[in-house]
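Here are my notes for you to read alongside the model. Take the points one at a time, and keep the structure open while you go.

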There are 2 protein chains.
Amino acid sequence: MASWVPVPEGSPFPLHNLPYGVFKPRRDPSAAPRPGVAIGEHVLDLSVLHEAGLFDGPLMRPNSHCLAQPTLNAFMALGRPAWKEARATITRLLSSDCPTLRDNAALRARALVPLSEAAMQLPAAIGDYTDFYSSREHATNVGIMFRGKDNALQPNWLHLPVGYHGRASSIVVSGTDIPRPRGQTKADTAPAPSHGPAKTMDFELEMGFFVGPGNALAEPIPVDRALDHIFGLVIFNDWSARDVQKWEYVPLGPFNGKNFASSISPWVVTLEALEPFRCEAPPQEPAVLEYLREAERTTFDIALEVAIQGERMAAPATVSRTNFRHLYWTMAQQLAHHTSTGCNMRPGDLCASGTISGPTDASLGSMLELSWGGTREVTLAEGEVRKFLQDGDTVVMRASCARPGLAPIGFGECVGKLLPPR
Amino acid sequence: MASWVPVPEGSPFPLHNLPYGVFKPRRDPSAAPRPGVAIGEHVLDLSVLHEAGLFDGPLMRPNSHCLAQPTLNAFMALGRPAWKEARATITRLLSSDCPTLRDNAALRARALVPLSEAAMQLPAAIGDYTDFYSSREHATNVGIMFRGKDNALQPNWLHLPVGYHGRASSIVVSGTDIPRPRGQTKADTAPAPSHGPAKTMDFELEMGFFVGPGNALAEPIPVDRALDHIFGLVIFNDWSARDVQKWEYVPLGPFNGKNFASSISPWVVTLEALEPFRCEAPPQEPAVLEYLREAERTTFDIALEVAIQGERMAAPATVSRTNFRHLYWTMAQQLAHHTSTGCNMRPGDLCASGTISGPTDASLGSMLELSWGGTREVTLAEGEVRKFLQDGDTVVMRASCARPGLAPIGFGECVGKLLPPR
Ligand SMILES: [Ca+2]
Ligand SMILES: [Ca+2]
Ligand SMILES: [Mg+2]
Ligand SMILES: [Mg+2]
Ligand code: NI
C-alpha cells in the first residue's frame with residue numbers, strides 16, 4: 001500500500017510507520033504546539049484532521065480533541081483500541097486510493113507541513129522518568145571496569161530489572177544543544193574534591209518507551225498485560241558526566257551526573273508500527289520469579305547506531321552499531337517490576353532501557369565502554385580521536401527496523417551537540 | 001495581632017501562620033479543588049477572595065487567578081514579592097480590625113469553610129521529586145548498621161548533599177491509606193530471591209520543600225539566592241520497604257523500596273511564616289566548596305515528632321522527637337547542589353530532606369534506627385512492641401515551631417495507615 005504523499009526511497013517514515021510527534025509550524029511562531037504524524041518528508045497536522053471531523057470511528061469520534069492538544073498525554077491515555085482506530089483512519093486518509101485529503105487542495109495545504117517547517121517539541125509532558133539498566137553486556141562491562149571480572153554483575157542483576165528514578169524536567173527534544181555541566185568531582189589521587197566543568201562527558205545509547213494508560217496506586221501491572229500500557233518508543237540519549245557520577249553515586253545512585261540533560265528523538269514509533277519487527281528476546285537463566293515470567297518472550301528487532309561529528313569533521317563517524325533485541329530485560333518485565341510494589345504509572349511517563357551494548361567491541365553504547373574507561377582511544381577520522389566527548393561534538397543516534405519482504409521503518413535521529421561550559 | 005476568626009489556644013494555624021493548601025468542599029463533591037489558607041479551625045477559600053477582587057495589590061491584582069486554580073503551581077511560580085503581598089492582603093482581611101470580610105456575612109459564609117468540611121488535596125502537581133540524605137546522624141546510623149563503625153559515612157558525604165531522584169506520581173496527601181507493598185526480596189540466608197508482601201515496613205520522618213520560581217536548564221541557582229526559589233515546607237513521610245530496598249539498591253540506589261508511596265502534610269508553611277524561627281545551622285567541617293558556601297549559615301527551628309497507633313491502641317504513642325535544625329545540609333545547599341550541573345527546577349517540584357535523626361536514641365527518624373536494624377524492640381504501649389510497622393499501624397508525624405515571646409505555629413499532621421497487602 002502506498003501513499004499519495006511522496007515517500008522517498010529510504011525515508012524512515014513510509015505509510016507503514018506513522019510515528020506521532022508534537023510540532024509548531026515555523027511560519028507561525030505564535031501557533032500552539034499540536035500533534036502530527038510523519039509521512040515521507042511531511043508532517044500531517046492531526047489538529048487539522050480533528051477540526052475537519054475526520055476521526056469518525058466510534059472510539060476516536062468522541063475523543064479526537066486529544067489530537068488537538070499541545071501534548072500527546074491525553075491521546076496516550078486512550079489505550080490501544082483507540083490508537084488502532086486512529087492509525088486505521090490516518091492510514092486510510094493517506095492511502096493512494098483515498099480522495100478525502102488527496103483531492104481537497106485547501107484542506108491538504110493546511111494539513112500537510114514540510115518536515116523542515118516543523119519545529120519539533122517534546123511529544124508529552126513527562127510526569128516521571130525511569131532509567132533501567134537492562135543490557136547484560138553493558139552491566140557486565142561497567143562491572144568489570146569498576147569491580148573486576150569476578151564480581152562484574154551484582155547478585156540482584158539476573159533476578160530483577162535494575163532501574164532508578166531519573167530527572168524528568170531536563171529531558172529535551174533532539175536538536176537541543178547541551179552545555180557541558182559543572183559538577184563536584186574528586187580524582188582518585190586528589191586529597192579533596194573540586195568543582196568545575198565535568199571532564200569525562202559521555203552519551204548513553206538507549207531507547208525509551210512512553211507509557212499509555214497508567215495504573216492506579218497499589219494495582220501492579222501484570223507482565224502479560226504490560227504491552228497494553230506502552231504507547232511507543234523513542235531513541236534516548238542519557239548524557240552522562242562520568243566524573244561527577246563516579247564521586248556521587250555511592251550509596252544512593254546517579255544524580256547530578258545524569259540530571260543536566262537527556263535527549264529524545266521527536267517521533268514516537270508505536271508498537272503497532274513495530275509489530276512486524278517482533279523477535280525473540282534472549283533466554284533467561286536462572287528462571288525469573290513468577291511476576292516477571294512472560295507467556296511469550298519477545299522483543300523488537302531495532303538496529304541502532306551512534307555517530308560522532310567533531311567540529312572539524314565533514315560528517316559524523318559511526319562509533320557503534322548494536323540492536324535493541326540484545327536487552328536481557330524486556331519492556332514488559334520493566335513495567336511489571338516497576339509497578340510490582342504498586343507504584344503508579346501515568347500516561348506520558350517515560351522509561352528508558354539503559355545503555356544498549358552488544359556482544360562485540362563495535363557494539364558498545366557509551367564512550368565509557370568504547371574507550372574502556374578512558375584507557376584506549378576511539379578513532380573517529382583522520383586526526384580525530386576521543387576517549388570521551390569534546391566540546392563541539394555532535395552525537396547522532398539512529399534507529400531503524402528492516403526485514404526481508406517488509407517496508408523498512410525508522411525513528412529518525414536523536415541529535416545533540418555538546419557546547420563548552422556556560 | 002489577632003483575627004476575627006476564632007483561633008483556639010494551641011491551634012497550629014494562628015494568624016501568623018497562614019499556610020497554603022488545596023481543598024475540595026465536602027458538601028459539594030463536584031466542586032473543583034481550590035487553594036485556601038488555614039486559619040484556626042477554618043479554611044479561607046482564596047478562590048472566593050479572587051472572585052471578589054480582594055487581591056488588590058500591584059503584584060497580585062493581575063495574578064490573583066493563580067489562586068483560583070486546582071493546584072498552587074502558578075502561585076508558586078510568582079515568587080517572593082508576590083507571595084509577600086498576598087500574605088499581607090490575607091493578614092489584613094483576617095485581622096480583627098478589618099471589616100471587609102468580618103462584616104460581610106454573605107461573602108464570609110462563602111469564604112470560610114470549616115476544616116472538617118475541607119477534603120485536602122495535594123497542594124501542587126509535583127513535576128519532579130528529589131530525596132536528600134542530609135542528616136549526619138541518620139547517615140551515620142545507617143552506615144554503622146550496613147558497613148560498620150569505621151566506614152559509616154561515605155567519603156563524599158561531608159562534601160556534598162547526597163540525594164537521589166524519587167517517584168513523583170506516588171506522593172499522596174496525609175490521610176491516604178498505604179497498602180503494604182509486594183516486592184522482590186532476598187534473605188541473607190536464602191539461596192534465591194522471592195516475591196511477596198514486604199516484611200520490614202518503615203516510615204522516614206522528613207520535611208520537604210516546594211520549589212517556587214524555577215531555573216532555566218543550564219543556569220544553576222547560586223546558594224545565596226536559593227531561598228528565593230523556595231515557597232514553603234511540608235512534613236514528609238517517605239514510606240520504605242527495607243527488605244525490598246536492601247536487595248535492590250546496589251548499585252543504582254533505592255527504587256521499588258520507596259516508590260509505592262510518600263505522604264505529605266496538606267498545609268505548606270511558607271518561609272515568611274517560618275522567618276521568626278530561623279536559627280543557626282550546624283557548623284561544617286571540612287569547609288565546603290565555594291558553590292555550597294553560605295554567607296549566613298541558618299536554618300529553621302522546627303520541632304518534629306512521630307507517633308504510632310496500632311489497631312488495638314487507644315491513642316498514638318510517640319516514638320521519636322527531633323528537630324529540623326539538626327540537618328547538616330541546608331535547603332539552600334541542597335538546591336544549589338541539585339542545580340549546580342544546570343538541572344532545571346520547576347514550580348511545584350518537591351525536595352525532601354532525608355530522614356531527620358537527632359543525636360539521641362529518642363530522636364531517631366525511622367524504625368530501622370529505632371529498632372537498630374530489627375535487633376531491639378520499641379515499646380509503644382502495654383503489650384505493643386514493634387521492630388518494624390505492622391498492618392493496621394497509623395503513623396502520625398507532627399511539626400511545630402515555638403519560641404519564647406512568639407506565637408507558636410504548626411504544620412498540622414502527616415498521617416497514614418498501613419493496610420494489609422491488597
Ligand atoms: Ca542510562
Ligand atoms: Ca528518604
Ligand atoms: Mg542524562
Ligand atoms: Mg517512600
Ligand atoms: Ni508539500
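1. Let's start with a single residue, A32(A). It counts as partly exposed, since its relative accessible area is 45%. You'll find A32(A) in the loop between β1 (20–25) and β2 (34–39) of chain A. If you want a feel for distances, pick out K387(A) too: its C-alpha atom and that of A32(A) are separated by 42 Å, and the two residues are 355 residues apart along the chain. One thing to keep in mind throughout: this is a predicted model.

2. Now look for the calcium ion (ligand 1). Which protein residues are its donors? They are D131(A) and D238(A), each through OD, along with E204(A) and E206(A), each through OE. These donors lie 2.2 to 2.4 Å from the ion. Written as a sequence pattern, the spacing of the donor residues is D-x72-E-x1-E-x31-D. Two of them show how distant parts of the chain get linked here: D131(A) sits in strand β6 (residues 129–132) of chain A and E206(A) in strand β13 (residues 205–211) of chain A, 75 residues apart. Both D131(A) and E206(A) are buried.

3. Over in chain B, find the magnesium ion (ligand 4). Its protein donors are D238(B) through OD, plus W239(B), K258(B) and A261(B), each through O, at 2.2 to 2.8 Å from the ion. Along the sequence these donor residues follow the spacing D-W-x18-K-x2-A. D238(B) lies in the loop between β14 (230–237) and β15 (240–241) of chain B, while A261(B) lies in the loop between α7 (242–248) and β16 (262–264) of chain B, so this pair ties together parts that are 23 residues apart in sequence. Buried or exposed, what would you say for D238(B)? D238(B) is buried, with a relative accessible area of 0%. A261(B) counts as buried as well, at 1% relative accessibility.

4. Next, the sheets. Chain A has an open sheet of five strands in the order β9-β26-β25-β20-β21, and the pairing is mixed. At its edges stand β9 (178–179) and β21 (317–323) of chain A; each has a single partner strand, so one side of each is left without a neighbour in the sheet. As a reminder, strands of a sheet pair through backbone hydrogen bonds, and they can do so in a parallel or an antiparallel way. Inside this sheet, strand β25 (residues 394–401) and strand β26 (residues 409–419) of chain A run antiparallel and are joined by eight bridges. To trace one of the contacts, start at S400(A), whose bridge partner in β26(A) is G410(A).

5. Chain B also has an open sheet of five strands, ordered β9-β26-β25-β20-β21, with mixed pairing. Why does one side of β9 (178–179) of chain B lack a neighbour in the sheet? β9 stands at an edge, as does β21 (317–323) of chain B, and each has a single partner strand, so one side of each is left free of a neighbour. β9(B) pairs with strand β26 (residues 409–419) of chain B in the parallel sense, over two bridges. Within that pairing, I178(B) has L418(B) as its bridge partner in β26(B).

6. Go back to chain A for helix α9 (residues 331–338). Eight of its eight residues are buried, so the helix is largely enclosed by the rest of the structure. Among the buried residues are M331(A), Q334(A), L335(A) and H338(A).

7. What about empty space inside? There are eight cavities of 30 Å³ or more, and the largest has a volume of about 80 Å³. That largest cavity is lined by 13 residues, with F324(B), L327(B), M331(B), Q334(B) and S353(B) lying nearest its centre. The elements giving two or more residues to the lining are β13 (205–211) and α9 (331–338) of chain B. β13(B) gives the most, with three residues. By class, the lining has eight nonpolar, five polar and no charged residues.

8. Last, the cysteines. A disulfide is a covalent bond between the sulfur atoms of two cysteines. How many disulfides turn up over all chains? A search of the whole structure finds zero. Take C279(A), which is in no disulfide: the nearest cysteine sulfur belongs to C401(A) and is 9.4 Å away. C279(A) is buried, with a relative accessible area of 8%. C98(A) is buried too, at 7%.

Terms used: Residues are numbered from 1 along each chain as its sequence is written. Chains are lettered from A and ligands numbered from 1 in the order in which they are written. This is a predicted model: local features need pLDDT of at least 70, side-chain atom pairs count only at pLDDT 80 or more; totals for chains, interfaces and linings use all residues. Side-chain values use heavy atoms; hydrogens and water are left out. Donors are N, O and S atoms within 2.8 Å of the metal (3.2 Å for Na, K and Ca); water is not among the atoms, so sites may look incomplete. Helices (H or I, at least four residues) and strands (E, at least two) are DSSP runs, numbered from the N terminus. Buried means under 20% relative accessible area, exposed over 50%, partly exposed in between (1.4 Å probe, protein chains only). On a 1 Å grid over the protein atoms alone, a cavity is a set of points where a 1.4 Å probe fits but cannot get out, and a pocket is an open set with protein on both sides within 12 Å along at least five of seven lines; lining residues have an atom within 4 Å of a point. Grid points are joined across faces, edges and corners, and a volume is the space filled by probe spheres set on the points. Ala, Val, Leu, Ile, Met, Phe, Trp, Tyr, Cys and Pro count as nonpolar, Asp, Glu, Lys and Arg as charged, and the others, Gly among them, as polar. A disulfide is a pair of cysteine sulfur atoms within 2.5 Å. Two strands pair if DSSP finds at least two bridges between them.
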